[in-house]
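Subject: Structure for you to look over, with notes

Dear colleague,

I am passing on the structure below and would be glad if you could read it alongside the notes that follow.

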Amino acid sequence: MDTVSINRAPVLTLWASVVAERLGFERDEALTLGKAVAGLTAQSKGQRLGIFTPSPTEVRRKRAEKARAAGVFAVALLGRAVPVLHTDQGLRAVGKDQKPVTPESVEKYLTAKFGESLTAVRAAMNRLANSRSTEALADEAFRLYEAFRPVVPAGESGWGAKGTLSVKEIERLATRGE
C-alpha cells in the first residue's frame, strides 16, 4: 500500500499521537493528546475560514476559570497548548467541558478512518518520529506533518475533503532526515 485516500484530521490525530508517544507520553495519553491537537487545529482553521465564530471574551474567561478550578493545565504539542487533566488512568486531554477524552474513542476513530491501512501508516509515522531526536521532533513535528499531509485536489479548500496520503513520502522523510 503506497497511498491512502483520507481527510487530514485523522492523519493529524495519528501523527500527533505518534509524536506524543515518542516524546515520552504513555500510548493512551498520547492518543488523547493527538485527538485534541487535531481538534484545536480544526477550530483555528474554521475561525480563519469564517466557518466558526470565536467565543465571546466573557465566555472564554469563564471557561478558563472553570478549567483552572478543575485542575486543567496545558501541554505543548505540535505548536498547540493542549488542555490536559490528571486522571486515575493517567494524563488525558480534555474538551471545552473539562471532560477527559478517552483513548478508546480515539483508537476507534482512527480504525474507522484508516481501516486496514492504520497499521502500515502508524509504522511509517513511528519510523519518521524515531528518525529525529526528541528535541528535533518536538521542534519540527508540525512542519513534518505539513510535508506529508494528504494532498487535497486542486480547487478544494481541504475542509473535510479527502486527499491522498503517501506512505512513501512519510518513509522518504524518515530515511532522508528532512
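To begin with a detail that is easy to miss in the display: which residues does Val 151 touch, not counting residues up to four places away in sequence? The contacts are with Gly 163 and Thr 164. Please keep in mind throughout that this is a predicted model. Val 151 sits in the loop that runs between helix H6 (134-148) and strand E5 (163-166), and with a relative accessible area of 57% this valine is exposed. Although Val 151 and Gly 163 are separated by 12 residues in sequence, their C-alpha atoms lie 4.9 Å apart in space.

The overall picture

The protein contains 7 helices and 5 strands, and, read from the N terminus on, its elements follow the order β-α-α-α-β-β-β-α-α-α-β-α. Of the 178 residues in the protein, 39% are buried, and the accessible surface comes to about 9,500 Å², with 52% of that area belonging to carbon and sulfur atoms. Among the contacts with a separation of 6 or more, 67% are accounted for by residues that stand 24 or more positions apart.

The sheet

Three strands form an open sheet in the order E2-E3-E4, and their pairing is antiparallel. Strand E2 (73-77) and strand E4 (90-93) are at the edges and have a single partner strand each, so one side of each of them is left without a neighbour in the sheet. On average, and with direction ignored, neighbouring strands of this sheet are turned by 45 degrees against each other.

On one side of the sheet, E2 pairs with strand E3 (residues 80-87) in the antiparallel sense over 5 bridges; within this pairing, Phe 73 has Val 84 of E3 as its bridge partner, while Ala 74 is matched with Pro 83, likewise in E3. Ala 76 also belongs to strand E2, and this alanine is exposed, with a relative accessible area of 68%. Between the C-alpha atoms of Ala 76 and Leu 33 the distance is 9.6 Å, across 43 residues of sequence.

On the other side, E3 is joined to E4 by 4 bridges, and these two strands also run antiparallel. Here Leu 85 stands opposite Arg 92 in E4. E3 and E4 form a hairpin with 2 residues between them, and E2 and E3 form a hairpin that likewise has 2 residues between its strands.

Residues with a positive phi

Where does Leu 78 lie? This leucine is found in the loop between E2 and E3, and there Leu 78 takes a positive phi of about 50 degrees although it is not a glycine. With a relative accessible area of 7%, Leu 78 is buried.

A second case is Gln 98, which has a positive phi of about 70 degrees and is not a glycine either. Its place is in the loop between E4 and helix H4 (103-114). Is Gln 98 buried or exposed? At 11% relative accessibility, Gln 98 counts as buried, since the cut-off for that class is under 20% relative accessible area. Gly 71, which comes just after H3, also takes a positive phi, in this case of about 90 degrees.

Two of the helices

Helix H3 (residues 57-70) is made of 14 residues and spans 20 Å from its first C-alpha to its last, which is close to the 20 Å expected at 1.5 Å a residue. Helix H5 (residues 118-130) has 13 residues and reaches 18 Å between its first and last C-alpha, again close to the expected value of 18 Å.

For H5 there is also a pattern of burial to look at. Its buried residues are Leu 118, Val 121, Arg 122, Ala 124, Met 125, Leu 128 and Ala 129. Around the axis these residues cover an arc of only 160 degrees, which puts them on the same side of H5. You may wish to colour these positions when you open the model, with Arg 122 included among the buried ones.

With best regards

Methods. Residues numbered from 1 in each chain as written. Predicted model: local features only at pLDDT ≥ 70, side-chain atom pairs only at ≥ 80, totals over all residues. Heavy atoms only, no water. Pairing = 2+ DSSP bridges. Axes fitted to C-alpha atoms, helices over the stretch in contact; angles between N-to-C directions. Expected span 1.5 Å × (residues − 1). Buried < 20%, exposed > 50% of the residue type's maximum accessible area, 1.4 Å probe, protein only. Arc of directions from axis to C-beta. Contact = heavy atoms within 4.5 Å. Areas by Shrake-Rupley, 256 points an atom, 1.4 Å probe, with all protein chains shown as cover.
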